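Q: I am new to this structure. Please take a close look at a single part of it, and then set that part in its wider surroundings.

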Amino acid sequence: QVQLVESGGGLVQAGGSLRLSCAVSGSIFRINNMGWYRQAPGKQRELVATIPSGGSANYADFVKGRFTISRDNAKNQVYLQMNSLQPEDTAVYYCRADIVTYWPLKVDEHWGQGTQVTVSS
């Protein structure tokens, strides 16, 4: 069974930085699109950034210029470097990966359990 495990969240002051990591494990043939989403209390989940296997990253406007998504295909990991964090960035951050498994050979959308990011004023 495929698993996604996020790490790197925590409590930081406004203006600080965090680097989130997501490790994917399991019987994996290929990981297509990967991304980060976030959900604040009482709010809907929203896209933060995505990155395909061999394409350009896509960012939400509210994080463009502050966050950078990257991936290491050899390690099956995706990262989110978050700089200039603000209190409104406080949320649970979730990793998403569209994964093709060996057998059966099919693609499924997988989510991690989330990691808490809290930014204080």
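A: Start with the contacts of arginine 30. Beyond its neighbours within four places in sequence, arginine 30 is in contact with Ser53, Asp98, Ile99 and Val100. Keep in mind that this is a predicted model.

Where does arginine 30 lie? It belongs to strand β4, which covers residues 28-39. Its relative accessibility is 41%. Buried would require under 20%, and exposed over 50%. Arginine 30 therefore counts as partly exposed. Its side chain also makes a polar contact with the side chain of asparagine 32, at 2.7 Å. For a sense of distance, take glutamine 1, which is 29 residues away along the chain. The C-alpha atoms of glutamine 1 and arginine 30 are separated by 14 Å.

Now turn to one of those partners, aspartate 98. Aspartate 98 is found in strand β9, residues 91-101. Is aspartate 98 buried or exposed? Its relative accessibility is 13%, so aspartate 98 counts as buried. Leaving out residues up to four places away in sequence, aspartate 98 touches Arg30, Ile31, Asn32 and Asn33. Its list of contacts also includes Val107, Asp108 and Glu109. Asparagine 32 thus appears twice here: it is in the contact list of aspartate 98, and its side chain makes the polar contact with arginine 30. Aspartate 98 has a polar contact of its own. A distance of 3.3 Å joins its side chain to that of arginine 96.

Follow the chain onward from strand β9. The loop between β9 and β10 holds proline 104, and β10 covers 107-111. The peptide bond from tryptophan 103 to proline 104 is cis. Its omega is near -5°.

Two other loops have a backbone feature to look at. Asparagine 76 lies in the loop between β7 (67-72) and β8 (77-82). Its phi is near 55°, a positive value in a residue other than glycine. At 25% relative accessibility, asparagine 76 counts as partly exposed. Serine 84 sits in the next loop named here, the one between β8 and β9. Serine 84 is not a glycine either, yet its phi is positive, at about 50°. With a relative accessibility of 37%, serine 84 counts as partly exposed.

Now step back to the whole protein. What does its secondary structure come to? There are 0 helices and 11 strands. From the N terminus on, the elements run β-β-β-β-β-β-β-β-β-β-β. Strands β4 and β9 from the close look are part of that run.

The overall dimensions come next. The C-alpha atoms fill a box of roughly 50 × 25 × 25 Å along the principal axes. The radius of gyration is 14 Å, which agrees with the value near 14 Å for a compact globule of 121 residues.

Buried residues make up 40% of the 121 residues. Aspartate 98 counts as buried, while arginine 30 is partly exposed. Among contacts with a separation of 6 or more, 56% come from residues 24 or more positions apart.

Last, the surface and the charges. The protein exposes about 6400 Å², and carbon and sulfur atoms supply 49% of it. There are 11 positive and 9 negative charges. Their mean positions are 3 Å apart.

Methods:
Residues numbered from 1 in each chain as written. Predicted model: local features only at pLDDT ≥ 70, side-chain atom pairs only at ≥ 80, totals over all residues. Heavy atoms only, no water. Helix = DSSP H or I, 4+ residues; strand = E, 2+ residues; numbered from the N terminus. Rg over C-alpha atoms; globule rule 2.2 N^0.38 Å. Buried < 20%, exposed > 50% of the residue type's maximum accessible area, 1.4 Å probe, protein only. Contact = heavy atoms within 4.5 Å. Areas by Shrake-Rupley, 256 points an atom, 1.4 Å probe, with all protein chains shown as cover. Lys, Arg positive; Asp, Glu negative; His and termini not counted. Charge placed at Lys NZ, Arg CZ, Asp CG, Glu CD. Polar contact = N/O pair within 3.5 Å; in protein donor to acceptor, adjacent residues only side chain to side chain.
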